[in-house]
Amino acid sequence: MKTSALKADYGVEISDIDIRSASPGELQEIVEMLSSHGAIVLRDQELDPEHLVAFTRLLGEPAYNPRKEVTLPGFPDIAVISNKIVDGKPIGDPDAGTGWHFDMPYERRPGYYTLLYALEVPDEGSNTLLADLCAAWDALPEDRREEVSDLVLHHSYAQLASFKNNTLTPEQRRRLPDVFHPLVRRHPHNGRLALRPCFGGCKGVLGIANPAGLELIKELVEFVTQERFIYSHKWRPRDLLVWDNNCTLHRGTPFDKKKYIRLVHRTWIQSPEEHYRDSLNPVMGHAA
Ligand SMILES: [Fe+2]
């Protein structure tokens with residue numbers, strides 16, 4: 001196994017390893033690199049859906065996909081991200097994640113790790129951008145840190161769905177009430193602080209009336225997504241990219257959907273209960 005940094009102090013590319021035949025010790029080493037470095041890239045992996053699910057389960061409990069219609073038939077843990085049409089029907093979600101966000105902010109226990117495995121990739125565009133939120137917090141001026149360190153964000157799946165013109169099913173409405181997450185969180189593995197603003201379905205900041213609350217989130221997203229904090233992943237077929245949502249915002253860049261096909265399988269891991277005990281409580285949310 002060889003390793004090289006994706007950028008200074010963030011992310012590792014791991015080569016010379018086939019995760020289908022890796023030993024338990026090698027797999028453990030990969031998991032440790034992910035939890036220490038925020039993201040990993042593994043190139044040239046030949047993964048069937050079963051392999052992707054087995055690797056995902058090494059990282060924790062696979063998360064529920066609220067939109068069953070975009071999951072891979074027979075694999076409820078795998079979401080299909082694609083603009084491909086088969087027999088006149090879309091086979092997946094063509095528009096996943098074009099604005100900066102962390103995954104599942106609308107869940108009481110948001111996304112921990114996200115895994116993307118590329119089957120088909122456009123020749124140009126459709127990069128995945130990852131922003132290092134611990135580096136962003138470290139770079140925030142001291143007086144600004146004091147102003148924002150106790151803020152709590154209000155997230156809503158209903159609002160996110162309405163942006164995508166989707167209506168909630170009764171099950172989604174029951175499973176996904178509004179939740180409240182701290183803007184600044186301590187990373188559960190390495191103890192570093194991460195500045196985690198997120199747009200996906202965010203209604204605002206507790207105690208700050210809109211539009212000022214939403215403007216503050218916009219300002220902080222612009223701060224954490226400066227060029228100096230970003231790794232841009234240029235995809236090749238059979239790449240497996242995994243990032244840690246505790247310390248990463250991400251988005252996809254656009255591509256020409258009339259000219260190119262993108263087909264990616266996504267799995268994700270839900271954060272453990274102990275990290276998010278108070279996320280339903282708007283007053284206690286900041287203590288999580
Ligand atoms: Fe995402």
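**A colleague's note on the fold, its sheets and its core**

1. Let me start with helix α2, which spans residues 49-58 and has Leu52, Phe55 and Thr56 as its buried residues. Looking down the axis of α2, these buried residues fall within an arc of 105°, so they line one face of the helix. What do they pack against? The buried residues of α2 meet β5 (75-82), β8 and β18 (263-270). As a whole, α2 lies across β4, β5, β8 and β18, and its direction makes an angle of about 110° with β5. Just after the helix comes Gly60, with a positive phi of about 145°. Please keep in mind throughout that this is a predicted model.

2. Now the overall picture. The protein chain has seven helices and 18 strands. Its radius of gyration is 18 Å, close to the 19 Å that the globule rule gives for 288 residues, so the chain is as compact as a globular protein of that length. Along the principal axes, the C-alpha atoms fill a box of roughly 50 × 45 × 35 Å. How much of the chain is buried? Of the 288 residues, 39% count as buried. If you look at contacts between residues at least 6 apart in sequence, 78% of them join residues at least 24 apart.

3. The eight-stranded sheet deserves a look next. This open sheet has mixed pairing and runs in the order β1-β2-β3-β16-β8-β18-β5-β4. Which strands sit at the edges? They are β1 (2-7) and β4 (71-72), each of which pairs on one side only. Within the sheet, β3 (residues 39-42) and β16 (residues 240-244) run antiparallel and are joined by four bridges. To find this pairing in the viewer, you could look for Leu42, which stands opposite Leu240 in β16.

4. Helix α1 also belongs with this sheet. α1 covers residues 24-37 and lies across β2 (10-15), β3, β8 and β16. Relative to β2, α1 runs at about 160°. Strands β8 and β16 are thus on the list for α1, and β8 is also on the list for α2.

5. Staying with β8, consider Tyr112, which is placed in that strand. Is Tyr112 buried or exposed? Tyr112 is buried, as 23 other C-beta atoms lie within 10 Å, against a cut-off of 20 or more. Apart from neighbours within four places in sequence, Tyr112 contacts Gly60, Asn245, Asn246, Ile269, Gln270 and Ser271. Among these is Gly60, the residue with positive phi just after α2. Tyr112 and Trp243 make a nice example of a long-range pair: 131 residues separate them in sequence, while their C-alpha atoms are 8.5 Å apart in space.

6. On to the hydrophobic interior. In soluble globular proteins, nonpolar side chains tend to be buried together. Here the largest nonpolar core has 66 residues, and Leu133, Val224 and Val242 have the most contacts inside it. Which element gives the most to this core? It is β8, with six residues. Beyond its neighbours within four places in sequence, Val224 is in contact with Ala131, Leu133, Ala136, Leu195, Pro197, Phe229 and Leu249. One of these partners, Leu133, is itself among the core residues with the most contacts.

7. Trp100 offers a contrast with Tyr112. Trp100 is found in the loop between β7 (89-90) and β8 (111-120). With 18 C-beta neighbours inside 10 Å, Trp100 counts as partly exposed, because burial needs 20 or more. Which residues does Trp100 touch? Not counting residues up to four places away in sequence, they are Phe199, Val221, Thr225, Leu249 and Arg251. Leu249 appears here and in the contacts of Val224. Trp100 and Ile19, by comparison, are 81 residues apart in sequence and 30 Å apart in space, C-alpha to C-alpha.

8. Finally, there is an open sheet of three strands, ordered β11-β10-β14 with antiparallel pairing. β11 and β14 are its edge strands, each pairing on one side only. From one strand to the next, the twist averages 30°. Four bridges link β10 (residues 152-155) to β11 (residues 179-182), and three link β10 to β14 (residues 202-205). Leu153 takes part on both sides: its bridge partner in β11 is His181, and Leu153 stands opposite Val205 in β14.

Methods:
Residues numbered from 1 in each chain as written. Predicted model: local features only at pLDDT ≥ 70, side-chain atom pairs only at ≥ 80, totals over all residues. Helix = DSSP H or I, 4+ residues; strand = E, 2+ residues; numbered from the N terminus. Buried ≥ 20, exposed ≤ 12 C-beta atoms within 10 Å, placed from the backbone. Contact = placed C-beta atoms within 7 Å. Arc of directions from axis to C-beta. Core = buried A, V, L, I, M, F, W, Y, C linked by C-beta atoms within 7 Å. Pairing = 2+ DSSP bridges. Axes fitted to C-alpha atoms, helices over the stretch in contact; angles between N-to-C directions. Rg over C-alpha atoms; globule rule 2.2 N^0.38 Å.
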